Amino acid sequence: YAKQQHKVTLVPINEVKLDKSAIEQQLNTIYNPVGVQFTVNVDESMRDNYSWEVDSEKDGLLSTVGKSFWGYDKELKESTEMLNLQKTYHQVAGTLDGAYLFVLNGATGLEGEKGDLLGEMPRKSRFGYIFTGNSLNTNSLVRTIAHELGHGIFTLQHTFDAEYGKGSMETTSNLLDYTEIGKELAAFQWNVMANPAVFTGGDKASEGQF
């Protein structure tokens with residue numbers, strides 16, 4: 001497999017402190033064995049910027065809910081707030097290069113706050129979301145980042161998805177399972193990773209959550 005170089009920029013919205021060097025080192029510990037090298041940057045330009053929020057209460061949480069074709073509330077791969085956040089950042093940052101992960105306190109869904117959701121990144125998308133309301137330490141944070149980038153850049157699905165036989169969650173040490181410490185990548189995933197996503201404005205992505 002050809003070696004790959006990727007750039008990921010962390011964009012904190014909340015007050016979380018990010019150790020750029022530690023995150024880059026640990027992320028590369030996970031991905032270097034399969035020939036992937038990441039450069040990590042932290043962009044502070046959106047800190048405390050909540051102008052993208054639709055909710056007038058300004059709760060600091062990212063809504064994952066929108067309207068279906070028939071007008072019903074439903075969970076969306078990209079909600080209005082997600083698209084607003086992307087647009088707001090694009091206006092601030094200008095030209096985009098690589099993948100971007102917004103770091104927020106948490107998310108809300110149809111049943112209120114989604115306190116167990118650590119991250120979300122649609123497959124084949126340059127934009128993802130990391131939720132630190134559960135006070136993730138750096139090790140857990142890096143695993144969540146690595147998991148979401150697996151969805152967004154490498155279009156990997158969860159190991160328990162129907163395409164892979166629809167096995168049980170939290171039964172493997174794979175990075176794309178829901179186990180807290182799993183960081184392995186299998187040979188069949190390497191084949192998928194050899195053709196990473198090409199980010200364009202017209203990409204339509206499938207859902208990837210963790």
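**Entry 1: a buried ring**

I began with Phe-38, which counts as buried because its relative accessibility is 0%, and buried here means under 20%. I note at once that this is a predicted model, and I read each value below as computed from that model. Phe-38 forms an aromatic pair with Phe-154, and I looked up its geometry. A pair of aromatic rings is described by the distance of the centres and the angle of the planes. For Phe-38 and Phe-154 these are 6.4 Å centre to centre and 80° between the planes, which makes the pair edge-to-face. Phe-38 belongs to strand 2 and Phe-154 to the loop between helix 3 and helix 4, so the pair ties together parts that are 116 residues apart in sequence. Phe-154 is buried as well, with a relative accessible area of 0%.

**Entry 2: other rings**

How many aromatic pairs does a search of the whole structure find? I found 10 listed for it. Another of the pairs that I looked up joins Tyr-89 and Tyr-100, whose rings are 5.3 Å apart centre to centre with 55° between the planes, and this pair is described as tilted. Tyr-89 is in helix 2 (residues 80-93) and Tyr-100 is in strand 6, so this pair ties together parts that are 11 residues apart in sequence. Both Tyr-89 and Tyr-100 are buried. I then followed the ring pairs further and saw that they link Tyr-89, Tyr-100, Phe-102, Phe-127 and Tyr-129 into a cluster.

**Entry 3: the nonpolar cores**

Which residues touch the most other members of the largest nonpolar core? This core has 31 residues, and the ones I noted down are Leu-27, Tyr-31, Phe-38, Ile-145 and Leu-149, so the Phe-38 of my opening entry turns up here again. Two or more residues of this core come from each of strand 1 (4-12), helix 1 (20-31), strand 2 (36-42), strand 6 (99-104) and helix 3 (138-152). Helix 3 gives the largest share, 5 residues. A second core, separate from this one, has 17 residues, including Ile-13, Met-46, Leu-96 and Tyr-129.

I chose Leu-27 for a closer look and set aside its neighbours within four places in sequence. What remains in contact with Leu-27 is Val-8, Phe-38, Val-40, Val-142, Ile-145, Ala-146 and Leu-149.

**Entry 4: helix 1**

Leu-27 led me to helix 1, where the buried residues are Ala-22, Ile-23, Leu-27, Asn-28, Ile-30 and Tyr-31. The cover over these buried residues includes strand 1, strand 2, helix 3 and helix 4 (187-193). I also checked the length of this helix: at 1.5 Å a residue, its 12 residues should span 16 Å, and its end C-alpha atoms are 16 Å apart, which agrees. The expected span is 1.5 Å times one less than the number of residues, so the multiplication is not by 12 itself.

**Entry 5: a sheet of three strands**

Strands of a sheet pair through backbone hydrogen bonds, either parallel or antiparallel. In what order do the 3 strands of the open sheet run? I read the order as 3-7-8, with mixed pairing. Strand 3 and strand 8 (112-113) are the edge strands, since each pairs on one side only. Strand 3 and strand 7 (residues 107-109) run in the parallel sense and share 2 bridges. Within this pairing I looked up Leu-62, whose bridge partner in strand 7 is Ala-107.

**Entry 6: two positive phi angles**

I noted two residues that have a positive phi although neither is a glycine: Asp-48, at about 65°, and Lys-124, at about 65°. Asp-48 sits in the loop between strand 2 and strand 3 (62-63), whereas Lys-124 sits in the loop between strand 9 (119-120) and strand 10 (127-131). Are they buried, exposed or partly exposed? Asp-48 is partly exposed at 46% relative accessible area, and Lys-124 is partly exposed at 36% relative accessibility.

**Entry 7: the whole chain**

Last, I stepped back to the chain, which has 4 helices and 10 strands in the pattern β-α-β-β-β-β-α-β-β-β-β-β-α-α along the sequence. Of its 210 residues, 50% are buried. Among contacts with a separation of 6 or more, 69% are between residues 24 or more positions apart. The accessible surface comes to about 10,500 Å², and carbon and sulfur atoms account for 48% of this.

Definitions and conventions
Residues numbered from 1 in each chain as written. Predicted model: local features only at pLDDT ≥ 70, side-chain atom pairs only at ≥ 80, totals over all residues. Heavy atoms only, no water. Core = buried A, V, L, I, M, F, W, Y, C linked by side-chain atoms within 4.5 Å. Buried < 20%, exposed > 50% of the residue type's maximum accessible area, 1.4 Å probe, protein only. Contact = heavy atoms within 4.5 Å. Areas by Shrake-Rupley, 256 points an atom, 1.4 Å probe, with all protein chains shown as cover. Phe/Tyr/Trp six-rings, centres within 6.5 Å; stacked < 30°, edge-to-face > 60°. Pairing = 2+ DSSP bridges.
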